[in-house]
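Work through the exercises below with the model open. Try each task before reading its solution.

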Amino acid sequence: MSKPAIRVEQLKKEFRVTKPREGLRGAVIDLFNRREQSVVAVHDIDLLIPQGEICGYIGENGAGKSTTIKMLCGILVPTSGTIEVNGYVPFKDREKFVQEIGVVFGQRSQLWWDLGVIESFRLLRKVYRVGENDFQKRLNELVDRLALGDLLNRPVRKLSLGQRMRCELAASLLHQPKILFLDEPTIGLDILVKSSIRSFLMEMNREHGTTIMLTTHDLQDIEALCSRVVMLDEGKIIYDGSLDQLKEQFGGGRSVQVQFEHNTLVENVFESTSGLSATWSKPEAQLDDGKTLRVTLDDVNVPISEILERVVKLAGIRDIAILEPNTEDIVREIYRKGV
Amino acid sequence: MWGAYGELIRLRFLIMLTYRVNYYSGIVIYAINIGANYFLWKAIYGSNTQLADMTIAQMTTYLAIAWMARSFYFNNLDREMSTEIRDGSLAIQMVRPYNYLMVKMMQGFGEGLSRFVLFSVPGMIVASLLFPVQLTKDPLHWVFFLGMVFLSFLLNSMINLIAGLMTFYLEQIEGLLRLKRVIVDLFSGLLVPLSFFPGAAKSVLEWLPFQAITYLPASYLAGKTINVSAGHVFLVQLLWVTGLMVPLVWIWHSARQRLFVQGG
């Protein structure tokens, strides 16, 4: 393996924000003397991403994901730490560096609102100095893969969100970037568009070896795409590894959902399995009919049959479901409790 | 690289063309501005034939030229920048392999060029039919004048860029921009030629960059004073372009350290 695509050591970003004083008196004082406060958005993170990897970057809102991405793209200047992407220091050699990366911000457009899609592409061709032949070849490939044929001559403002996002992806790839940064690329899209974007990204990664780093709140993106997950909380990396390992480490074992025939006294159910390291809980609000309970087995060695045997004696059972730990639950738990 | 910048100029020019009503109203506004100024100054002159070494005809010519120059050098780059910084679309600009300040400059140039060709030239023709505007017929004067107006554009745009960059330091710069606009219009000699200012104010203004934006080029073309030579105008303008480059570049670099992107 050659040089890593992204190498980050002890990266830190601190913002200074003004802190207004309260009340009218405070506002008047603020006119002459503003109080500043520093907020650490990214706190000494280390990251090493080899070429050709698809890395998912997840965390709650405000965890520092976007700030990290913006430092990796050369938009923000880090407060301290070293950062090297594709052999460049992004904020120092910005103009040369961005020539070899592609960026999509799900919430902002990089296309020109008033122009037709193809006009935007042509302008980008000039901005990135792509030769006419390379451009045509690349464009044809992207149009084909992302089914953009009908969209090229439409003004950007008349595209639906899904159509626009496909165009944004194409726009970010016209200059054959080695690294692609995606900041919430599937935000607000329907399932069909999401899955077509996912398979497209997989193809790009496989065929061109494009390194992809994406932030998302949709864990299905992660499951479909990422060999590696980095989880961020309050500016610190709290998990870095494969998705399977995440499930294993934080999955908290299997759980069983039991629907009784009648309302059952919760205490009785709790008691029946005492000593078996099983935790009972009520299911989420929308499933709560008063008859359904869920039990999580913290110990892998406890047989499910043992639990059921004890519960069956209490009341008739209408339905049983054995639940595999799913990523969403795991991540929700981590967000809520921390590691 | 210049291909991209050239494309940006062309695009802005095209966008200006797409709004037809703007076009016609632009010419009318231009003629009204000159007309209003003409009648105002006619009233000020009253029975005087000369004020501060200028005849009423010279004054009218000066004003017409000053407004023509303004239509080229004027732009809203400061406001555009402030919007881009505040709504976070600056992030997109920063991931492209070009210089943001240059991009803004080019957009301003495209806008100025279209306004000059579409508004000022026709507006000037309309104005010279209606009012006693006496334009020189010496082509060399016009060539020099165009060069001067280009430098006026650079100067004014640099001031605008510096003002726009203030968004990084002040959260809201609307007030600052209004102040800047009044200062540029007044101190550059667009509203009142510098020779009309009282002695002390005049000597202060001669040490500021604003006179090089309107007063010097317009005086040159209006042939109002003998001692304004083309060389002198170019020299002052070039000195200020170089002089403003220093704070502009410095502020841009320090602003990048402070850059924060709003809205996620």
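Two residues are in contact if their C-beta atoms, placed from the backbone, lie within 7 Å. The model is predicted.

**Exercise 1. Place Thr60(B) in its surroundings.**

Task: Find which element holds Thr60(B), decide whether Thr60(B) is buried or exposed, and list its contacts beyond the neighbours within four places in sequence.

Solution.
- Start with the element. Thr60(B) sits in helix H3 of chain B, residues 56-73.
- Count the C-beta atoms next. There are 24 others within 10 Å of that of Thr60(B). The cut-off for buried is 20 or more. Thr60(B) is therefore buried.
- Now set aside neighbours within four places in sequence. Thr60(B) then contacts Tyr38(B), Phe131(B), Pro132(B) and Val133(B).
- Finally, take the C-alpha distance to Leu191(B). The two residues are 131 apart in sequence and 12 Å apart in space.

**Exercise 2. Describe the overall form of chain A.**

Task: Is chain A more or less spread out than a compact globule?

Solution.
- List the elements. Chain A has 12 helices and 13 strands.
- Compare the radius of gyration with the globule rule. The value is 25 Å, well over the 20 Å given for 339 residues, so chain A is more spread out than a compact globule.
- Check the box. Along the principal axes, the C-alpha atoms fill roughly 75 × 60 × 45 Å.
- Look at the domains. Domain 1 covers 6-248 and domain 2 covers 255-323. Their C-alpha centres lie 44 Å apart.
- Add burial. Of the 339 residues, 33% count as buried.
- End with contact range. Take contacts in chain A between residues at least 6 apart in sequence: 74% join residues at least 24 apart.

**Exercise 3. Dissect the interface from chain A.**

Task: Which element of chain A gives the most to the side that touches chain B?

Solution.
- Count both sides. 22 residues of chain A contact 21 residues of chain B.
- Find the elements of chain A that each supply at least two residues. They are helix H2 (65-72), helix H3 (94-98), strand E5 (101-105) and helix H4 (117-127).
- Pick the top contributor. H4(A) gives the most, with 3 residues.
- Sort the chain A side by class. It has 11 nonpolar, 5 polar and 6 charged residues.

**Exercise 4. Judge the confidence.**

Task: Where in chain B is confidence lowest, and where highest?

Solution.
- Begin with the whole chain. Chain B has a mean pLDDT of 85, and 95% of its residues reach 70 or more.
- Go to the extremes. Helix H1 of chain B (residues 2-18) is lowest, at a mean of 80. Helix H7 of chain B (residues 139-165) is highest, at 92.
- Close with the complex. The predictor gives an ipTM of 0.77 and a pTM of 0.81.

Definitions and conventions:
Residues are numbered from 1 along each chain as its sequence is written. Chains are lettered from A and ligands numbered from 1 in the order in which they are written. This is a predicted model: local features need pLDDT of at least 70, side-chain atom pairs count only at pLDDT 80 or more; totals for chains, interfaces and linings use all residues. Domain bounds come from an automatic or database domain assignment. Helices (H or I, at least four residues) and strands (E, at least two) are DSSP runs, numbered from the N terminus. A residue is buried if 20 or more other C-beta atoms lie within 10 Å of its own, exposed if 12 or fewer, and partly exposed in between; C-beta atoms are placed from the backbone. Ala, Val, Leu, Ile, Met, Phe, Trp, Tyr, Cys and Pro count as nonpolar, Asp, Glu, Lys and Arg as charged, and the others, Gly among them, as polar. pLDDT is the predictor's confidence in each residue, from 0 to 100. The radius of gyration is taken over C-alpha atoms; the globule rule is 2.2 Å times the number of residues to the power 0.38.
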